[in-house]
Amino acid sequence: MKISILDDYHDTVRTLACFNRLAGHDVTIWNDHVQDVDILAERLRDATVLVLIRERTQIRAPLLERLPKLKLISQRSVYPHIDVDACTRLGIIVSSSQHAGTPSYATAEMTWGLILAAMRKIPQQMASLQSGSWQIGVGTTLRGKTLGIYGYGRIGSVVAGYGRAFGMNVLVWARSSSLAAARTDGYAAATSKEAFFAECDVISLHMRLVPATRHIVTAGDLARMKPTALLVNTSRAPLIEPDALVTALRAGRPGMAAIDVYEQEPVRDTAHPLLTMPNVVCTPHIGYVTREEYEVQFTDIFDQIVAYAAGAPVNVVNPNVLKVAAR
């Protein structure tokens, strides 16, 4: 089969041990990022299988309709960037493992790194040194502070454990089943969403982006945060209402943010509001970008391709497509 892999920025995929699963197939890897439909249509015109790295490229009907040979899209995690209905109509299977039992330790570690960097002003202190100055301010100790985990799942539960190890008081807000799991693990549950945002010194978002969670963090929620508090988002930008975070930071509640995800990616505009604020630490969506995490993720992605080639597709998110294909 002809397989195309998009957005492998650092040409990493071919160096992974799991890449051997594609032996015998014709694989093309693209290292740049392109969203232009005409260019993508030309690049992918002969592809039978398309491999996506998270949500880096939007795959919508205008593109899909120009890819008559495409039969499978294989990726991992959520898929708001894929027009699944168009895929079904066109007979394209979408396989996406939801990795329910495998925490992303890479993202959890990145979250904790951002918390430390923001609370101790590490990037700002480094910039001061590089400019020929010395200390520029006083940081904040985490021990004894309250860490809020919004969404107690695979990653949130790991970050909660890091907070406990650092001597923080962990407070959780989530759906009822997740709150029950948090209580079982020995963590406190907030009495309400309002109390959660008002009481925490650090709030870290850990939810999948699905219709029920889109814009779940409102401007009103942010306005309840302490002026000394930190909001961390290594999940998805649309969990927060559009423009609400920038407005809240300018108003001083919360006082800081640490962000790894954005409404539109990649961010190329150096004038992006979050990049210009001295109270914000920003990174370019690298929470999951480690060699170890890539091995885990691409093993799933390539196993989906192997299963399709064997005539038994797995993790199919649009099962009605199988009826279309059978006609």
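Let's begin with the aromatic rings: this predicted model holds 10 aromatic pairs. One of them joins Phe298 and Phe302, whose ring centres are 5.5 Å apart and whose planes meet at 45 degrees, so the pair counts as tilted. If you want to check that label, recall that planes under 30 degrees apart would be stacked and those over 60 edge-to-face, with the rest called tilted. Both phenylalanines belong to helix α11, which covers residues 291-309, and they sit 4 residues apart, or about one turn of the helix. A general point about helices helps here: with 3.6 residues a turn, residues three or four places apart point the same way.

Are these two rings buried or exposed? Phe298 has a relative accessibility of 1%, so it counts as buried, and Phe302, at 0%, is buried as well. The two also belong to a wider group, since ring pairs link Phe19, Tyr288, Tyr294, Phe298 and Phe302 into a cluster. Tyr288 has a charged partner too: Arg54 lies over the face of its ring, 4.5 Å from the ring centre. Elsewhere you can look at Tyr9, where the charged end of Arg56 sits over the ring at 4.0 Å from its centre.

From here, follow the chain back from α11 to the loop that separates it from β12 (280-282), where you will find Thr283. The relative accessible area of Thr283 is 15%, so this loop residue is buried, given that the cut-off for buried is under 20%. What does Thr283 touch, leaving aside residues up to four places away in sequence? Its contacts are Met110, Leu114, Ile259, Asp260 and Tyr262.

Met110 and Leu114 lead us to helix α4, as both are among its buried residues. This helix runs over residues 105-119, and its 15 residues reach 21 Å from the first C-alpha to the last, close to the 21 Å expected at 1.5 Å a residue. Most of α4 is covered, with 11 of its 15 residues buried. Besides the two that meet Thr283, the buried set includes Trp112, Ile115 and Met119. Just after the helix, Lys121 adopts a positive phi of about 55 degrees.

Now for the cysteines. How many disulfides does the structure hold? The count is 0. For reference, a disulfide is a covalent bond between the sulfur atoms of two cysteines. Two cysteines are worth a look for their surroundings: Cys87 has a relative accessible area of 0% and is therefore buried, whereas Cys282 reaches 25% and so counts as partly exposed.

Ala23 offers a contrast to the buried residues above. Ala23 lies in the loop between β1 (2-5) and β2 (26-29), and its relative accessible area of 61% makes it exposed. If you draw a line from its C-alpha to that of Ala219, 196 residues away along the chain, the separation is 50 Å.

Finally, step back to the whole chain, which has 12 helices and 12 strands. Its radius of gyration is 21 Å, close to the 20 Å that the globule rule gives for 327 residues, so the chain is as compact as a globular protein of that length. Along the principal axes, the C-alpha trace spans about 60 × 50 × 35 Å. Buried residues account for 48% of the 327 in the chain. Of the contacts between residues at least 6 apart in sequence, 63% join residues at least 24 apart.

Note on methods
Residues are numbered from 1 along each chain as its sequence is written. This is a predicted model: local features need pLDDT of at least 70, side-chain atom pairs count only at pLDDT 80 or more; totals for chains, interfaces and linings use all residues. Side-chain values use heavy atoms; hydrogens and water are left out. Helices (H or I, at least four residues) and strands (E, at least two) are DSSP runs, numbered from the N terminus. The expected span of a helix is 1.5 Å times one less than its number of residues. Buried means under 20% relative accessible area, exposed over 50%, partly exposed in between (1.4 Å probe, protein chains only). A disulfide is a pair of cysteine sulfur atoms within 2.5 Å. Rings of Phe, Tyr and Trp (its six-membered ring) pair if their centres lie within 6.5 Å; planes under 30 degrees apart count as stacked, over 60 as edge-to-face and the rest as tilted. A charge sits over a ring if NZ of Lys or CZ of Arg is within 6 Å of the ring centre and within 35 degrees of the ring normal. Contact means heavy atoms within 4.5 Å. The radius of gyration is taken over C-alpha atoms; the globule rule is 2.2 Å times the number of residues to the power 0.38.
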